[in-house]
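Good morning, colleagues. I would like to take you through one structure, beginning with its surface and ending with its pocket.

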Amino acid sequence: MLRSKTPDLVEQQVWGLLLAHYAIRALLVDAADDAGYDPDRLSFIRGLRLVRRQVTDQAAISP
């Protein structure tokens, strides 16, 4: 869901979401290469959940 109200902020939010997607995919590709798996066979949703868990577990305060 895009929350921004102006076109410039919508564009900024879309770029942020695309960068986050790319970063998660890059992590999945690295993990697949290390384990010898095909990166296309890994679930993006499971990768996203893992990243969310890791980020919130390392946060100084709970979300």
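Leu 17 is partly exposed, because its relative accessible area is 49%; buried means under 20%, exposed over 50%, and partly exposed in between, with a 1.4 Å probe and protein chains only. This is a predicted model, in which local features need pLDDT of at least 70 and side-chain atom pairs count only at pLDDT 80 or more, while totals for chains, interfaces and linings use all residues. Residues are numbered from 1 along each chain as its sequence is written, and side-chain values use heavy atoms, with hydrogens and water left out.

Leu 17 sits in helix α1; helices are DSSP runs (H or I, at least four residues), numbered from the N terminus. Together with Leu 2, Val 14, Trp 15 and Leu 18, Leu 17 forms a nonpolar surface patch with about 490 Å² of accessible area. Such a patch joins nonpolar side chains (Val, Leu, Ile, Met, Phe, Trp, Tyr) within 5 Å, from residues with over 30% relative accessible area and no salt bridge, that is, no side-chain nitrogen of Lys or Arg within 4 Å of a carboxyl oxygen of Asp or Glu.

Ala 20 is also in helix α1, and is partly exposed at 38% relative accessibility. Its C-alpha atom is 9.6 Å from that of Leu 48, 28 residues apart along the chain. In helix α2 we find Ile 45, partly exposed at 42%. The C-alpha atoms of Ile 45 and Ile 24 are separated by 9.8 Å.

Which helix supplies the largest share of the lining of the largest pocket? The answer is α2, with six residues. Both α1 (7-35) and α2 (44-58) supply at least two residues each. The lining includes Ile 24, Leu 28, Arg 46 and Arg 53. By class, the lining holds seven nonpolar, two polar and three charged residues.

Note on methods:
1 Å grid on protein atoms, 1.4 Å probe; cavity = no way out; pocket = protein on both sides within 12 Å on 5 of 7 lines; lining within 4 Å. Nonpolar A, V, L, I, M, F, W, Y, C, P; charged D, E, K, R; others polar. Patch = residues over 30% accessible without salt bridge, like charges linked within 9 Å, V, L, I, M, F, W, Y side chains within 5 Å. Areas by Shrake-Rupley, 256 points an atom, 1.4 Å probe, with all protein chains shown as cover.
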